Amino acid sequence: MTDNTVENRSEIVFITDAQDCNPNGNPLGENRPRKDPITDQAVVTDVRLKRYLRDQLDADDHGVFIKKTGDESEVRARLALDVLGDIDDADAIEEIEDIRDDFLDAATDVRYFGATLSFNADTDDDLLDAVAEAFDGGNYTGPVQFSPARSLNAVEENEESNTLTSVIATQDDKKTGGFDLDDNRLKYAIFPFHGLVDENGASDTKLTRTDVERLDTLCWRAMKNQTISRSKMGQEPRLYVRVEYATNGYHVGDLHNGFDLDAERSKPEPELRNVTDATLDVTKFVNRLASVNDHVETVHFVGDEYLDVSYNGEQYGTAADLDTLLEDHGVPTREIEVYNEFEQTLPADE
Amino acid sequence: MTNANAGAMDPAPDRSEAPPELTDGVPDSCLVCTVRGDWAHFRRIDRTVTKQTYRLPPRTTVAGLLAAIVGVGRDEYYDVFDPAVSAVGIEAVGDLRTMTQPSLGVGTNPKETFGTVGKTRGKGISVSFPDTTDNRQIHSYEYIVDPAYRLYIAVEDEAFHTALKHHLERGTSHYPPSLGLSELLARVETPESGVEHDVTAVSTDDETVTVDSAIPEAVETIIPSAGASHHVERLPAAMEADGRNRRTTEFTDYAFTDEDALKASGDGLSLGEVDGRTIAFY
């Protein structure tokens, strides 16, 4: 056990918003923004959020196993899987474990979100058993999980620009742009993502405390840096809280449900166009954490100054002031300095 | 932790409590909790491309969820939930609306999108892994929206019972519980009246009983009444380890509804009363 072991459970709420964009198209629905047809809430899947996080890890030069479609696969050797082919003896268990460790060291996203591998021994069952055991059977459950998010508001789609003719070729070897591409966008949506860091599952993928701390800057930067394509621009991170718990095995379980749109201080849902039209009611979140503050080690937090927050029916300030509000209720906080801290979590030069 | 063998299952090693005892499938006490989430997906085992969901968590899934809370690994809890020594009642709370979400995933068909490295002949290991730069496959997942289920749990295994009770009382879990897929995070609520409740066996001689929980073995027992709708699903009920995998050894048909309690003939059911509610255990 090293001192970089994940010892505490963390529960994450990551609030983002989307203005005049398509935060997550539905591939079976003409790529229209995903929506709950009954409530008209927009939906963004965990898969979409994890793509942003993986792309940011890649941009930061961390090894990533689940690559962008079409990317070169030169990383495969770096991910150490090729080397397994040289092993032909189950007694080489230490070597197999070294390869496993190299793989997990190199595949940052597998440490967070897990992966599935499969192994086929040709003749030697002992060897297969040894490899399968070293690699946890090839099924790595991610110790970091995010649920698909549903917007706090019912959303509307822009009525204009229903189709678009692209002047940019869609593939390298084609000269002509695409025609009749659907371009459907939401006017405005605000999403609370809910995530969890499982301290007991962390050892399976060798997730480290440094990895967990990296999330504090990664989520924010990914939403800033990776939402740059035509349909994805307009998304911003608004509030990130990682509640690190002190009590073994304890977490509240639905912290994201502590956030509502303040109906009195926000424009009516059909008129929401911009973050300044919305006020986030944080009353339930603050009260809930205050009621369990014995279990809370620290709330790591970063908030945006454009998003107003209210508490107990009164305007309190902006999301950037949430730490003061939590401290007033006896909940310890630590403000994340995203752009000062992230460099410490980049890969070390070798 | 000083004793590594004590494992995750036993957060209070000195604590000893009497686990429930089963008589004709009805326990004399049970643990009660409600699991909720934003989404659930209990994949039907008889579907392939479209990942359709059961509306009710199969008993085997409930067992897995409780094993996660207690911290027992995969393949290590099937005996605890053998129907001969355990009883589970499942009650759907709220409506069970579903919504389909397609997602683009890395292919999992070894014949199509996997890359392989390693020896192909003679001694050696070959590793197959998804080619993560290849085109993604569309998988359509049917999710239950805002699922909530009240669970009534009785296991005769003392260590499991004690550990589960302890975790439910403290609001803790070894592995975080989820509803069918690891990303569908769940929360667990316990009744204000406590986690453990007495169960009074309900005579099954009566011609008709009103049952508040889902009703197992529904084809034989459910009594339809005018104007009341119910669903019936055939769910996996028990499983066993099978080499590297596991396999289902029992199925049962469950009838359930999000409306008023259903009527059933008591014959063949293991019915118990918990806090004035009639629960069918299986």
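In the predicted model, helix α3 (residues 93-106) of chain A and helix α5 (residues 125-134) of chain A approach one another with their axes coming within 9 Å, and the two axes cross at roughly 35 degrees. The crossing of α3(A) and α5(A) is right-handed. On the side of α3(A), the contact is made by A:I93, A:I96, A:E97 and A:R100, which meet A:L127, A:A130, A:V131 and A:A134 of α5(A). When these residues are sorted by class, the contact of α3(A) with α5(A) comprises six nonpolar and two charged residues, with no polar residue.

Aromatic contacts form a further part of the description, and 14 aromatic pairs are found over all chains of the structure. One of these joins A:F65 and A:F103 in an edge-to-face arrangement, with a distance of 5.6 Å centre to centre and an angle of 85 degrees between the planes. This pair links distant parts of the chain, since A:F65 belongs to the loop between α1 (46-59) and α2 (75-78) of chain A, whereas A:F103 lies in helix α3 of chain A, 38 residues apart. With a relative accessible area of 3%, A:F65 falls under the 20% cut-off and is therefore buried. The relative accessibility of A:F103 is 0%, so that A:F103 likewise counts as buried.

In chain B, the ring centres of B:W39 and B:Y143 are 5.6 Å apart, and the pair is classed as tilted because the planes stand at 55 degrees. Here too, distant parts of the chain are linked: B:W39 is located in strand β4 (residues 39-40) of chain B and B:Y143 in strand β10 (residues 137-145) of chain B, the two residues being 104 residues apart. B:W39 counts as buried at 1% relative accessibility, and B:Y143 is buried as well, with a relative accessible area of 6%. Elsewhere in chain B, ring pairs connect B:Y77, B:Y78, B:F81 and B:F160, which are thereby linked into a cluster.

Aromatic rings of chain A also take part in contacts with charged side chains. A:R48 lies over the face of A:Y52, at 3.9 Å from the ring centre. In a second such arrangement, the charged end of A:R221 is placed over the ring of A:F342, at 3.8 Å from the centre of that ring.

Terms used:
Residues numbered from 1 in each chain as written. Chains lettered and ligands numbered in written order. Predicted model: local features only at pLDDT ≥ 70, side-chain atom pairs only at ≥ 80, totals over all residues. Heavy atoms only, no water. Axes fitted to C-alpha atoms, helices over the stretch in contact; angles between N-to-C directions. Helix = DSSP H or I, 4+ residues; strand = E, 2+ residues; numbered from the N terminus. Left-handed = near helix turned anticlockwise from the far one by under 90°. Contact = heavy atoms within 4.5 Å. Nonpolar A, V, L, I, M, F, W, Y, C, P; charged D, E, K, R; others polar. Phe/Tyr/Trp six-rings, centres within 6.5 Å; stacked < 30°, edge-to-face > 60°. Buried < 20%, exposed > 50% of the residue type's maximum accessible area, 1.4 Å probe, protein only. Lys NZ or Arg CZ within 6 Å of the ring centre and 35° of its normal.
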